[in-house]
Amino acid sequence: MGQRVWVVAALLALTVSCGQPDAPRAPSGAARDTEAADAAADQVAETHAAGADAADDAAAAEELPDPDAPAVEPPPHPVPAYGVSAGHPAAVEAGMAVLEAGGNAVDAAIATAYAVGVAEPFGSGVGGGGAALIAEQGADPVAYDYRDVVNNSGTIPASEVGIPGFVAGMEALHADYGSVPLADLIAPAVELAENGVAAYPMLSDQLRFAARRLPQDELPHFYPGGQALAAGERLVQSELASTLRALADGGAESFYDGALGVELAARVDGIDAGSLSAYEVKVREPVAGTFAGRTVVSAPPPLAGATLVQMLQVAEGLGVTEHAPGSSDFVHALALGWRLANHYRSVEMADPDFVDVVTAHLTDGERNAALAAAVPADRLPNVAGLIEDVGGETTHLVVVDADGTVVSMTNTLTAIWGSGAYELGFFLNDQLSNFGLRRANEPPEPGKRAVSSTVPSIVFDDEGRPVLGLGSPGGSRIPLAIAQVLVRWAAHGEPIADAVAAPRFHLAGTKLHAEEELLAAAAPLRERGYSEISGPPFSYYFGSVQALEIDYDAGVLHGAADPRRAAAWRAAAR
């Protein structure tokens with residue numbers, strides 16, 4: 001990939017001084033329920049427009065590195081520890097084995113990703129896609145988008161299956177960063193599929209919940225005797241092991257231009273040889289913005305990283321850093337931040353290869369503080385055009401190696417079990433179902449990616465060092481879940497394990513769903529316009545945050561095993 005210089009001090013200045021849209025952007029659709037709110041929003045637009053020229057002048061005067069000049073490597077910040085956080089203990093061990101054998105963070109992330117696709121076949125795997133952020137010490141963070149795309153015909157099949165990107169994504173990451181043979185990184189997943197993994201409560205539950213839509217007669221290893229595997233019973237996936245062996249032997253070519261692709265094209269409506277061969281992984285610049293004295297770097301469009309940053313900055317303007325965590329004011333400030341940021345996501349986010357997507361104004365701390373000042377904080381304002389509570393499932397993993405490289409990766413089949421279609425030992429995604437989410441109803445086109453709620457993220461300190469990688473499954477609830485963890489950790493100083501375990505909530509429309517420990521504290525919010533305050537509407541609603549924190553002073557890693565699922569983490573000294 002070459003060396004990349006990333007100066008955080010410059011980024012902190014640029015997030016508020018450059019890239020402003022030429023036209024003023026009022027919080028369209030927000031706080032439209034009173035004339036006073038309209039006037040406040042208009043004032044924000046006027047203030048933003050008046051400052052745009054000055055901001056452009058400041059950006060022009062900013063001395064930026066010459067992109068053609070030789071890179072200047074800053075002093076390294078080695079970390080005398082390494083670790084893996086993932087959705088299943090077996091995946092953690094696969095990644096740790098790679099690190100212990102001398103592999104780097106990207107090597108370990110690839111091994112972990114393949115292994116978790118075996119252990120969590122409902123959430124990710126060969127039939128899906130994903131996105132990853134990589135941050136090497138002293139280098140620009142880089143975003144990889146290998147999510148599923150529309151086929152070459154430009155039409156969405158009834159199954160809503162997209163052309164899978166996972167295999168291509170793993171190979172692209174390996175080509176750019178890998179130090180261990182790819183076959184060796186796939187080997188732990190092969191072994192896990194062959195020898196089996198003990199079923200655990202979530203796997204058993206998801207099999208029971210999906211029994212009516214999955215082809216049970218084709219899945220005797222998932223439904224022995226017609227019954228979903230019970231917790232403790234062993235899941236052996238022999239056909240998947242054969243497919244993984246073929247990938248280890250033939251690489252991505254076997255999937256996109258070889259025998260595996262030929263079989264998929266023959267069996268799956270919406271997948272064809274030409275579309276497989278045309279698949280491309282996208283490498284993009286992440287979005288970034290400041291919050292609580294740190295820089296939050298997250299996934300670029302069409303993923304929801306800008307939404308996460310904007311939500312945090314609006315909530316900060318509404319006083320979330322001063323409100324006691326778990327209090328009604330704390331919940332309300334984050335809920336308002338989510339409501340406003342979700343509006344912008346709903347109407348502006350799209351695939352940047354097809355639509356001109358501007359994010360600088362969404363991550364502009366000064367502008368978002370002004371938007372916060374225009375929001376009526378005493379109630380829940382009406383906001384049009386929201387992507388509401390949408391189901392979906394993913395898995396997240398974080399890896400840190402002893403050189404301090406951080407990988408934050410989210411992989412997905414979209415819905416639980418994806419489309420439900422099962423071929424060659426794995427489930428196919430239904431990623432194209434996301435094309436109906438935007439208010440503008442973004443039309444499908446060949447090779448296009450749909451909007452997504454995933455936000456693989458990395459937080460940097462004021463010295464430009466990556467200090468925290470995190471992400472979560474959970475569909476449209478992901479951005480708000482990650483924001484809650486970040487506010488507790490970054491603004492209130494909670495240990496990352498405590499921030500992850502703390503009770504969560506989600507705002508869906510005007511309904512607030514909260515874990516039991518928050519229900520009493522949130523009750524007063526009914527007086528602010530929340531129509532319902534209740535528990536989660538279904539099991540596993542609040543995701544499972546995976547996170548690793550680098551403590552440079554102590555020379556150790558801190559992690560968290562989210563108690564909501566089968567998550568795990570492990571670290572070791574080098």
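Methionine 409 is in contact with Ala109, Ala113, Ala131, Ala132, Tyr146, Met170, Leu173, Thr395, His396, Leu397 and Pro456, leaving aside its neighbours within four places in sequence. The model is a predicted one, and this residue is a convenient place to enter it. Met409 belongs to the largest nonpolar core, which holds 87 residues; along with Tyr114, Leu173, Leu244, Phe255 and Trp417, Met409 is among those that touch the most other members. The element that gives the most to this core is helix H4 (residues 105–119), with 12 residues. A second core, separate from this one, has 80 residues, including Leu308, Ala315, Val398 and Leu548.

Two of the residues named for the largest core, Leu244 and Phe255, lead to helix H8 (residues 238–256). How far does helix H8 span between its end C-alpha atoms? The distance is only 22 Å, whereas a straight helix of 19 residues would span 27 Å at 1.5 Å a residue. H8 also has a bend of about 120 degrees, located at glycine 250. The buried residues of H8 are Leu240, Ala241, Thr243, Leu244, Leu247, Gly251, Ala252, Ser254, Phe255 and Tyr256. Their cover includes H4, helix H5 (166–177), helix H6 (182–195), helix H9 (259–267), helix H10 (273–278) and strand S12 (426–427).

Ala132, one of the contacts of Met409, leads on to a set of paired strands. Alanine 132 stands opposite tyrosine 144 in S3. Strand S2 (residues 129–135) runs antiparallel to S3, and 4 bridges join the two. Together S2 and S3 make a hairpin with 6 residues between them, and in the turn glycine 138 has a positive phi of about 75 degrees. Within strand S3 (residues 142–145), Val142 and Tyr144 point one way while Ala143 and Asp145 point the other way. Are these four side chains buried or exposed? All are buried. S3 is also joined to strand S6 (residues 282–284) by 3 bridges, and these two strands run antiparallel. There, alanine 143 has arginine 284 of S6 as its bridge partner.

Another sheet is found later in the chain. This open sheet has 3 strands in the order S15-S16-S17, with mixed pairing. Its edge strands, each pairing on one side only, are strand S15 (505–508) and strand S17 (532–534). From one strand to the next the twist averages 15 degrees. Strand S16 (residues 511–514) and S17 run parallel, joined by 3 bridges; the partner of leucine 512 in S17 is isoleucine 533. Helix H12 (residues 328–348) lies across S15 and S16, and its direction is at about 45 degrees to S15.

Two single residues in helices give a contrast in exposure. Serine 204 is in helix H7 (residues 201–209). Serine 204 counts as buried because its relative accessible area is 9%, below the cut-off of 20%. Leaving aside its neighbours within four places in sequence, serine 204 is in contact with Ala228, Leu229, Ala230 and Ala231. Alanine 97, in helix H3 (residues 89–100), has a relative accessibility of 42% and so counts as partly exposed. In sequence alanine 97 is 15 residues from threonine 112, and their C-alpha atoms are 9.8 Å apart in space.

Definitions and conventions. Residues numbered from 1 in each chain as written. Predicted model: local features only at pLDDT ≥ 70, side-chain atom pairs only at ≥ 80, totals over all residues. Heavy atoms only, no water. Core = buried A, V, L, I, M, F, W, Y, C linked by side-chain atoms within 4.5 Å. Buried < 20%, exposed > 50% of the residue type's maximum accessible area, 1.4 Å probe, protein only. Contact = heavy atoms within 4.5 Å. Expected span 1.5 Å × (residues − 1). Bend = angle between axes of the 7 residues up to and from the residue. Pairing = 2+ DSSP bridges. Axes fitted to C-alpha atoms, helices over the stretch in contact; angles between N-to-C directions.
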